[in-house]
Amino acid sequence: IIISFLSMNSDFKFFIQCGLKRFSIFIVNLSAIAISSLLSSIIALLLSKISIEKFNLTIFLISKDAYHSDNFLLSLLLVFILLFFFSSLGLVLGTFNDIFSDIFSGFKKIIILLLVMSIPIVLSILIQLGNSAMKNKWFNFLKSIIGYSREKGFSPLPFITTLFIGSIVLLFLFYFMNRSHEVRRKGV
């Protein structure tokens, strides 16, 4: 997230100055996060496979406690799509920060970030205040999108599907924000 967030502003200005179209900038960012997510997931999985017992480098997400699979490709896909989702989120946040950096700066930006971070807390409080039928519907929904069932435990495919759909939504949002992204010159 941090690399995608920080690189969005400089990449956009650099590519626009070099004459690239906005769609080409989108494709460059998409391929960059895909390649970095793939290489990072391969390295992380290989390190978790060759780790010795005293120097355990297993990834919690694919350990025996969570989304364990003996299929290496399924584990690779899970770690890849997780990294890809968070990189897409970083692109959207970086674009949002760059577009609205003139409007929201300093203390206003901190307040907005705190308000955005408080959304899950407010939602969880509202769920806790609801009746038991509403709580059960929310918990069943959350269990289904993360792939949990009492019989099988955690299943990676529903979680991968959720992350993939979330990544697609974030990339569409990034694309449309990138289309309306204006280039500002300082001092003009």
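**From helix α2 to the second largest pocket**

L46 is found in helix α2, and in this predicted model that residue gives a convenient place to begin. With a relative accessible area of 45%, L46 counts as partly exposed, because that value falls between the limits of 20% for buried and 50% for exposed residues. Along the chain L46 and F72 are 26 residues apart, and their C-alpha atoms are separated by 9.8 Å.

Helix α2, which covers residues 22-50, also holds S41, and here the surroundings deserve a careful look. Is S41 buried or exposed? S41 has a relative accessibility of 0%, and therefore it counts as buried, the cut-off for that class being under 20%. If residues up to four places away in sequence are left aside, S41 touches L76, V79, F80 and L83.

From these single residues we can step back to the protein chain as a whole, which has seven helices and two strands. Read from the N terminus on, the order of the elements is α-α-α-α-α-α-β-β-α, so that the two strands follow one another and a helix comes after them. Of the 188 residues in the protein chain, 28% are buried. The accessible surface of the protein chain comes to about 12,800 Å², and carbon and sulfur atoms account for 71% of that area. Among the contacts that the protein chain makes between residues at least 6 apart in sequence, 68% join residues at least 24 apart.

Further along the chain lies a pair of helices, α4 (residues 107-117) and α5, whose axes come within 4 Å and cross at roughly 35°. Which residues meet where these two helices touch? On the side of α4 they are L115, V116 and M117, and on the side of α5 they are I119, P120 and I121. Sorted by class, this contact of α4 with α5 contains six nonpolar residues, with no polar and no charged ones.

Two of the α5 residues just named, I119 and P120, appear again in the lining of the second largest pocket, together with L123, F141, L142 and I145. At least two residues of this lining are supplied by α5 (119-129), and at least two by α6 (132-146). The space in the second largest pocket is about 260 Å³. What classes of residue make up its lining? Six nonpolar residues are found there, while polar and charged residues are absent.

Terms used. Residues numbered from 1 in each chain as written. Predicted model: local features only at pLDDT ≥ 70, side-chain atom pairs only at ≥ 80, totals over all residues. Heavy atoms only, no water. 1 Å grid on protein atoms, 1.4 Å probe; cavity = no way out; pocket = protein on both sides within 12 Å on 5 of 7 lines; lining within 4 Å. Points joined across faces, edges and corners; volume = space filled by probe spheres on them. Nonpolar A, V, L, I, M, F, W, Y, C, P; charged D, E, K, R; others polar. Axes fitted to C-alpha atoms, helices over the stretch in contact; angles between N-to-C directions. Contact = heavy atoms within 4.5 Å. Buried < 20%, exposed > 50% of the residue type's maximum accessible area, 1.4 Å probe, protein only. Areas by Shrake-Rupley, 256 points an atom, 1.4 Å probe, with all protein chains shown as cover.
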